[in-house]
Amino acid sequence: MRAFVAEKTEDGVTRGLREDFELDGEGDVVVDVEYSSVNYKDGLATIAKGQVARISPLVPGIDLAGVTADGRAVLAHGYDLGVSHHGGYAEQARVPSQWLVPLPEGLSARQAMALGTAGYTAARCVIALEAAGLKPGDGPVLVTGASGGVGSTAVDILAARGYEVVASSGKDPDWLRSLGAAEVISREEAAGDASRPMEKSRWAGAVDCVGGATLAGVVRSLQYGAAVTACGNTGGIKLDTTVLPFILRGVSLLGVDSVQTPIEARRETWARLATDLRPPHLDDTITREIALDELETALDAVLKGELQGRTIVKVG
Ligand code: NDP
């Protein structure tokens, strides 16, 4: 079958399309893959220093949507998919049934992958912030790395729910405004002044996709009792902060993981992505479609932080 494969060599990693790849690996269900998508982690899985791929050769693709042999429309993401288990960049995938999420009513396979791991993670962030008490009308909610997959879907979901969204981005502010951002600030403004232990109380909540100095800046600028979800590290894995925002403003740092979420919570989140957490600009503004043979360029672009919105891959 046709598959995009990454394989370790002595010099690094070779990547490319193969026409005759044989599907192997564990899993009781074979899925005819219709769509997959491009996530930052997929980029990492195809480079030597990415430290993400656990097998070689590997079919990357940490998410997929398609149809099982008995005709069920399903999606899968996370767990070992595209990391230590062949993923979505092939015409077929063999996966354990306990990883499968039935495609929620009202979502096509294409829309499911337009959301993909990124949209799912954005939804988990919004759910976590609201569970911590955030509600529309509380004040500005910051989204960092806003033009990326997680960031843009978070902007769209939050704006549609009535939040005043401030997007921090190094890219096109008009595009982010078209998703519903009330204001767009620079990456530098979001990162603030690292020499100060606390800064002006500003954000009623925040979704951080960047980590590093940006997340530290967000923590220093949260309003009293506010929370930030940490889900990404495109700006670095170090977090340099003092305890002062935590002990003087009672702020919270909420970790969000999409990989190991138990399957029940995962299925519930997907049902909400098809209904009350559905990003309204998913089909028109956010999503771009590519073919398997355009993957290499897209994977390079995601690693450079150059992609805007979501890039989906038409597989079958
Ligand atoms: P994207 O590449 O689509 O978006 C990342 C965005 O981060 C870029 O578009 C850019 O936004 C910003 N950015 C890139 N480089 C830098 C930099 N050096 N400094 C500051 N900002 C930068 O990735 P995704 O949206 O798919 O993922 C975002 C992050 O979340 C990644 O780290 C990813 O690994 C992580 N993630 C974690 C998950 C989890 O389970 N916890 C699940 C999914 C993703 P802009 O130009 O607008 O500033």
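In this structure, a polar side-chain atom of R187 lies 2.8 Å from an oxygen atom of the ligand. The model is predicted. The ligand sits in the largest pocket, and the notes below describe its surroundings before turning to the backbone.

**Polar contacts with the ligand**
- An oxygen atom of the ligand is also found 2.5 Å from a polar side-chain atom of S169.
- At C231 the backbone is involved: a backbone N or O atom of this residue lies 3.1 Å from a nitrogen atom of the ligand.
- Of the 910 Å² of accessible area that the ligand has on its own, the protein covers 86%.

**The shell around the ligand**
- There are 26 residues around the ligand, and those that come nearest are S147, V150, S169, C231 and S258.
- By character, the shell consists of 14 polar, nine nonpolar and three charged residues.
- Two helices, α2 (109-131) and α3 (149-160), each supply at least two residues of this shell.
- Domain 1 (3-103 + 282-314) and domain 2 (117-255) each contribute at least three residues to the shell.

**Backbone features in the loop between α1 and β4**
- Most residues other than glycine have a negative phi, and most peptide bonds are trans.
- Q51, which is not a glycine, has a positive phi of about 55°, and this residue is found in the loop between α1 and β4.
- The peptide bond that joins S56 and P57 is cis, with omega about 0°.
- P57 is likewise found in the loop between α1 (40-44) and β4 (63-68).

Definitions and conventions:
Residues are numbered from 1 along each chain as its sequence is written. This is a predicted model: local features need pLDDT of at least 70, side-chain atom pairs count only at pLDDT 80 or more; totals for chains, interfaces and linings use all residues. Side-chain values use heavy atoms; hydrogens and water are left out. A residue is near a molecule or strand if one of its heavy atoms lies within 4 Å of it. A polar contact is a pair of N or O atoms within 3.5 Å; within protein, one must be able to donate a hydrogen and the other to accept it, and residues adjacent in sequence count only if both atoms are side-chain atoms. Accessible areas come from the Shrake-Rupley method with a 1.4 Å probe; for residues, only the protein chains shown count as cover. On a 1 Å grid over the protein atoms alone, a cavity is a set of points where a 1.4 Å probe fits but cannot get out, and a pocket is an open set with protein on both sides within 12 Å along at least five of seven lines; lining residues have an atom within 4 Å of a point. A molecule sits in a cavity or pocket if more than half of its atoms lie within 2 Å of its grid points. Helices (H or I, at least four residues) and strands (E, at least two) are DSSP runs, numbered from the N terminus. Ala, Val, Leu, Ile, Met, Phe, Trp, Tyr, Cys and Pro count as nonpolar, Asp, Glu, Lys and Arg as charged, and the others, Gly among them, as polar. Domain bounds come from an automatic or database domain assignment.
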